[in-house]
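Reader: Could you walk me through how some of the helices pack here? Keep it casual, please.

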Amino acid sequence: MTRDGLPKRQRLIGLWLLLSGISLLGGAIFAAWLDAQLSPTGPTRVALWLGSFSGGATIFLVGLLLERMLFTPLRHLQVQLARLVANPDARDEHPPEGWLKGLGPDLRRVRESWRIDRNQLATAHADGARSAAKIRRELETLLQVLETPLLLCDHHRRLMLFNQAAEDFFVGPTRVALWLGSFSGGATIFLVGLLLERMLFTPLRHLQVQLARLVANPDARDEHPPEGWLKGLGPDLRRVRESWRIDRNQLATAHADGARSAAKIRRELETLLQVLETPLLLCDHHRRLMLFNQAAEDFFVDNTALGLGKRLEALLPVASLQQALSQLPADGSPRELLAPCDNRWLKVVLRRVPGSDGETLLTFSDATASWSNEMGVRAELATKLPLLRQHTASLTSAADALIQLRHNGTENPALRQRFEQVIQEEGATLGNNVGQIGQLLDDLQHQGERLTPMWSNDFWQALDERLDPAHRLITPVGMPAWFKGDAPALIVLFDSLVKHLNSHLPVSHFEGEICLGNKRVYLDLIWQGSPLPEHELAKWRRQPLPSLPLNPLVSDVLRQHASDIWSLADDDAIHARLRLPLPAMERVGAPRETAPPRPEFHDFGIADLPPPDEELANRTLRSLEVVAFDTETTGLELRRGDTVISLGACRVVNARLLASEVFDQKVDPKRPIPPTSTAIHGLTDADVAGAPPLDIVLTRFRDYVGEAVLLAHNAAFDMLAITNKGVVFDLPVIDTLLISRALDEALDGHDLDTLAQRYDLTFPPGTRHTALGDARVTAELWLALLPRLEARGVDTLEQLLALQANAFDRQDASAS
C-alpha cells in the first residue's frame, strides 16, 4: 500500500470483507456474551442481536455503495486519464459515472479541444507531429495502484471492541461492554466519514475546479494539484495539461507565418483608418457595422448607435438611405444622397464592395455649411444680380436719351431735368446694389470652404516646423483660442513674410499670441525690436506665393481672409508685433486628444453571424451580442430608497470582448452616499456632484445596449436597480452567478471574487467594486463559461435561459 493513493483492489476488497466479517463476528460474540450475561427475553433480546449486527451490516452496505458509486468510477477515471496521456486520440469507453458523472462534460471538452488542436497541428506539421508522437506505456488501473487507509478505522474499531485494557480500566465490565458495543458502529462510520472527507471528497472538489479551469482556459495556472487518495492522478493530469499546452504552442508556431502576414495587413489597415480624415463605415449585407475609423468616431461623437455589430438604421434612421442600400449596383458604382442627422445634413456616398457578400462602404461629409451658403449668401446674391442688370439698363437708357436730346439740339428743360433725375436715382440705386453685392462677395469669400477651424497652438507649432524644423523658434504665449482660416495658405504667408523681411526681424526667437477682438481674433507674431516699415509690408503684399495653387499674391491670400496685416510697437517700447485679423469662432476649449489606436474598429467576423431577424432564442451563444453591465449603489436596500450612483458596461461581439467600446457614467442619486457604501466602492458625494440623473443615464444606456442581450453577475439585484425607472429593458438577461451554480452545484462559492480566482481572472488595480471594472470581469467570466456550457450541450440562448432558471434562488435578490 502506498501513501499516494487508494489500496489495490484485492486489498480493498479483502480489508472490506475482513472488516465486515470481524464486525459481524464480533457482534455475534458480543451479542452471545451479553445474552448470557443479561438473559434478555422477547423484543429486548431481538433488539440486542440487531444492535450488535448493525455496525457490521452498515459497513458492508456502505462499502457496496462506495464501490459502485465512487471507487469503480475512480478506477475508470484513472484509466481514461492514463489512456488520454498515452494517446489523446484513444476512444472513450468509460465515461465518468456514479458520483463522478458531473465531471463527464468537462473531460469530454478537454479531450475534444485537445483533439481539435492536435488535428490542426497535424495539418500544419504532419511530419513533425508523426516524429514527435510518442506512446507512453499504460498505467496500472486504479485497483492496482491506489490503496485505502481503512486499517486505521479497523484499528480503532478493534480497540473499542476488544481492548482488554478498557475492561480493566472501567469498573463493571458488563456495563462498559454494553456501552462500547452500542457506540462502536456509529463511531466507526463517523471516523470513516472524516477520513473520506479529507482523503477523497475534498480532493474531488479540487479536481472539479481544476477541470473547470482547464476547460475555460488551457493556460490557467494549477493551484490545487490532486491530493489525498487522488494524488496518483496528479502526474497524468499534469501530463494532459502540459501536452495540450505544447500542442497549442506548436499550433501557434505553425500558423506564425500566416498570422504575421495577416497582422501586417491588419496594421496597414488600422494605420490607414487612423490617418484617413474621411469618415467611413463598412456594413455587411444585414446592415451591421463591421468597420469604422477614428474620423467616423469623431464625426458621430457621443452617438451611442456607433459600434461594431450595431445596425446602420440605428445610427441613421432614414428611409431613403435604406432604399438606396437595397438598390446599389454590384459593380461598386457610387450613389449619393443627403440624410439628416441630429442638426446636420450629411452627404452620404454609398458603394457596394465588388466581389463581397453584399458589403457596403459609406463615406460621410457635413453638407450643412455648403447648403447654408447656397441658400443664404448665394441665394441673396442671385436675387441681387437681376436688380443690378435692371438698374444698369435703366441708367443706360436714360443716358442715351439725354445724349440724343442734346444731339438733336432740342431745348426741353423739363424733359432734360427728368432724364437727369432718372440718371441720378438709378446711379444711386446702382451704387447701393454694387455695395451690397460687394459685401455679399466678401461674406462668400469669408465663408469659403478653405477657411476651416484652427487651434492657435497647433498653428504656431506648424509654422515653427515650417520656419526651422530643427529648432523651436516660436513660443506660444497668452490664452490659446480658435480662429478660422486657410491653414496651409497662412503658414506659407508667414514663412514668406519672415524670409522677405529677414533684415528687420530676429532670427532666433519669436512669440505667438492670440488676442480676442469683436467678432475677430488677432494673430500676432511678436519679437524684440522695432516695428516693420509700412513700405516694406507694401512691397511684400505684391510678392507671389509660388508654393500655393495658381501662384497667388500675398494680397490675394489676405483678401481671401477679408483681412490685412500691419506692424505696431508694444507699450513696453521693447517689443513689436505683426498683426493679422482673422474670423473668430464661438468654439471654446482645446481640441480633443487623438484617441490611441485600438483593435475594435473592425471585426469582419460579424458578417458570418446569423441574420438579426433570426429568432433570438435559437441563436448560438457565441453569436450573441452581449452587453455586460454592473451598478454601484448607495446601499443594498433598493426597495427602501437606495439607488444607482454608477453604471458601467462593455460589449461582447462574436465572442470577443471589445476593450474600448464601453459605457461608464456616474449618476446623481439625489441623496447622500452613506459612509458604509463609500467604504466599498470608494464613491463620495463629491464624485457624483454634477452628474446627470438616473433617468437620463438609463436612456443613454438603453441606446448603448441596442438589441443586445444583457449580462450581469447576480443580475436580480442589478436589474432591480435599473427597472421601473421610466426606461424599458425588455431584453433577455444572462446571469453568470446562476450559470456557475448550475454547472458546479456541488461547489461552494459563486461570488465574483471566488469565480475570478477559480477561472484565473484578474481585476486591474483599483477596478474592483467599480461598475466598469466589475462589468469587464463579468464579461471575461462569461467567455470562460462558454466552453463548459457547450461541453454540456447548452448551445443556444433558449437552452441557457432554461439552465439558469433551474438554478435561480429567490435569495439572490434578497439584497434588494
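**Helix packing, face by face**

Author: Sure. This is a predicted model, and a good place to begin is helix α13: its buried residues pack against α12 (312-315), β3 (335-341), β4 (344-352) and β5 (360-366).

Reader: Which residues of helix α13 are buried, and on which side do they sit?

Author: In α13 (residues 319-326), the buried ones are Leu-321, Gln-322, Ala-324 and Leu-325. Around the axis they cover an arc of only 160 degrees, so they end up on the same side of α13.

Reader: And what do the buried residues of α28 pack against?

Author: Start with the buried set in α28 (residues 797-806), which is Leu-797, Leu-800 and Gln-804. Their arc around the axis is only 60 degrees, which means they lie on the same side of α28. Turned away from that buried side is a face carrying the exposed residues Ala-805 and Asn-806. The buried residues themselves pack against β16 (709-712), β17 (733-735), α25 (736-743) and α27 (771-791).

Reader: How is α18 oriented relative to α19?

Author: Helix α18 (residues 487-500) and helix α19 (residues 534-541) have axes 11 Å apart and pack at an angle of about 130 degrees. Angles over 145 would count as roughly antiparallel and 65 to 115 as roughly perpendicular. Neither range takes in about 130 degrees, so α18 is oblique to α19.

Reader: Which residues of α19 meet α18, and what classes are in the contact?

Author: From α18 come Leu-493, Ser-496, Leu-497 and His-500, and they meet Glu-536, Leu-537, Lys-539 and Trp-540 in α19. By class, the contact of α18 with α19 has four nonpolar, two polar and two charged residues.

Conventions: Residues numbered from 1 in each chain as written. Predicted model: local features only at pLDDT ≥ 70, side-chain atom pairs only at ≥ 80, totals over all residues. Heavy atoms only, no water. Axes fitted to C-alpha atoms, helices over the stretch in contact; angles between N-to-C directions. Helix = DSSP H or I, 4+ residues; strand = E, 2+ residues; numbered from the N terminus. Parallel < 35°, antiparallel > 145°, perpendicular 65-115°, else oblique. Contact = heavy atoms within 4.5 Å. Nonpolar A, V, L, I, M, F, W, Y, C, P; charged D, E, K, R; others polar. Buried < 20%, exposed > 50% of the residue type's maximum accessible area, 1.4 Å probe, protein only. Arc of directions from axis to C-beta.
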